[in-house]
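Colleague: I am new to this structure and would like a close look at a single part of it. Could you take one helix and one residue within it, and describe carefully how they sit among their surroundings?

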Amino acid sequence: MISVRVSHVQNAFPALRSFLRSSSTYSQIQHSSKQHNTNIDQTGSSARLSQFSKELASGPGLDDFIITSLKTEKLNLESKNTLKSDEKRSKKTPYQRLPEWLKTKVPVGANFARIKSDLRGLNLHTVCEEARCPNIGDCWGGGEHKTATATIMLMGDECTRVCRFCSVKTNKTPKPLDPNEPENVAHAISKWGLDYVVLTSVDRDDLSDGGSEHFANTVRLLKKKAPHILIECLTGDFQGNLDCVAKVATSGLDVYAHNIETVENLTSHVRDRRATFRQSLNVLEHAKKIKPSLITKTSIMLGVGETDDEVLDAMKELRKINVDCITLGQYMRPTKRHMKVHEYIAPEKFDYWAKIGNDLGFLYTASGPLVRSSYKAGEFYIGKILKSRQSSSHNLT
């Protein structure tokens, strides 16, 4: 208790010195001391000292300075505590536990192991791994439909764009294209026993054609080695170059896919600034125009802050340009460096969007928390549709 009191007295001394220095008489004494070696009027000096003593006696006491010091100290402490509390409140965001319906099993199986081994041996990349897809085990293993699928990522693993939701690496100047990649991809896929394959790529804005010829060449070689395999190409927007879109659309693929990713209002927030909602619609529309028999497909992530009206408007815009298939899935944050999840959408809501999609006239709507643009069940049903079309075509001839 004594040590605390002494501390407060020590803290009061600066304030006491400030009071003394503010006194006019004290200032005069300071001035007088500078003239110590000159002749000083002793009588005048005594009078000034007497006046100073009276001012000091009638002024605040030491206790007043201690009380003021305590009050100031308490005020500063309360202010600091309030500031820390406010900072914690502003920084703290509600922790959202991953719902049960989004938890998946660790991928295993002979087919899964074989595909992974071949990928490493041929220096190939898959979006399944790069994007950390939760369905990788089912897709590579065949899943409940016994339809093995894989999504190969062409043109390297470095993208020239920076989308806030995507975990693929970015680089303004990626490595040059591997001229052997189309042949390696065709060779690998032809021996995997796949029924349906998705070829996608990073965005390559550094290339004059966006890599469209590389895409088309891979499709042609694969169809030559394994004509029975159904091929979906999930492309970028080629910076709006419709000639590049046409090159891929006429390469022999079965499904042309390009993802709008989100609703129009959130496009600039979610995707790279070089991508726009309308530009994506133009890509899908032109692919269908160039080859009307193509199935066109797109995908939307939910849980990034969209409203129901915005989702409905986006789906209607897609039907206006005759997009055939749509997938809707839950956005899941790849790492802490990426865009936060705004909301985990309940499975019942996805069922609602599936019904809306069917009512709007989509050929197929895959809607669920774990649905992705390259979704095994979607590929199974799209495959059935394509095979049915091929069968009808053969019967007519």
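**Helix α13 and residue L318**

Modeller: Helix α13 has 13 residues and reaches 19 Å from its first C-alpha to its last, which is close to the 18 Å expected at 1.5 Å a residue. Please keep in mind that this is a predicted model. Seen down the axis of α13, the buried residues fall within an arc of 160°, so they line one face of the helix. Those buried residues are E310, V311, A314, M315, E317 and L318, and they pack against two helices, α12 (277-290) and α14 (347-360), as well as two strands, β8 (295-302) and β9 (325-330). The face of α13 turned away from this buried side carries the exposed residues D309 and K320.

Let us now turn to the single residue. L318 lies in α13, which covers residues 308-320, and with a relative accessibility of 0% L318 counts as buried, because buried means under 20%. If its neighbours within four places in sequence are left aside, L318 is in contact with I260, L281, L284, T298, V323, I326 and F362. As for distances between C-alpha atoms, L318 and K297 are 9.4 Å apart in space, while 21 residues separate them in sequence.

Finally, a word on what comes after the helix: α13 is followed by N322, whose phi is positive, near 65°.

Key:
Residues numbered from 1 in each chain as written. Predicted model: local features only at pLDDT ≥ 70, side-chain atom pairs only at ≥ 80, totals over all residues. Heavy atoms only, no water. Helix = DSSP H or I, 4+ residues; strand = E, 2+ residues; numbered from the N terminus. Buried < 20%, exposed > 50% of the residue type's maximum accessible area, 1.4 Å probe, protein only. Contact = heavy atoms within 4.5 Å. Expected span 1.5 Å × (residues − 1). Arc of directions from axis to C-beta.
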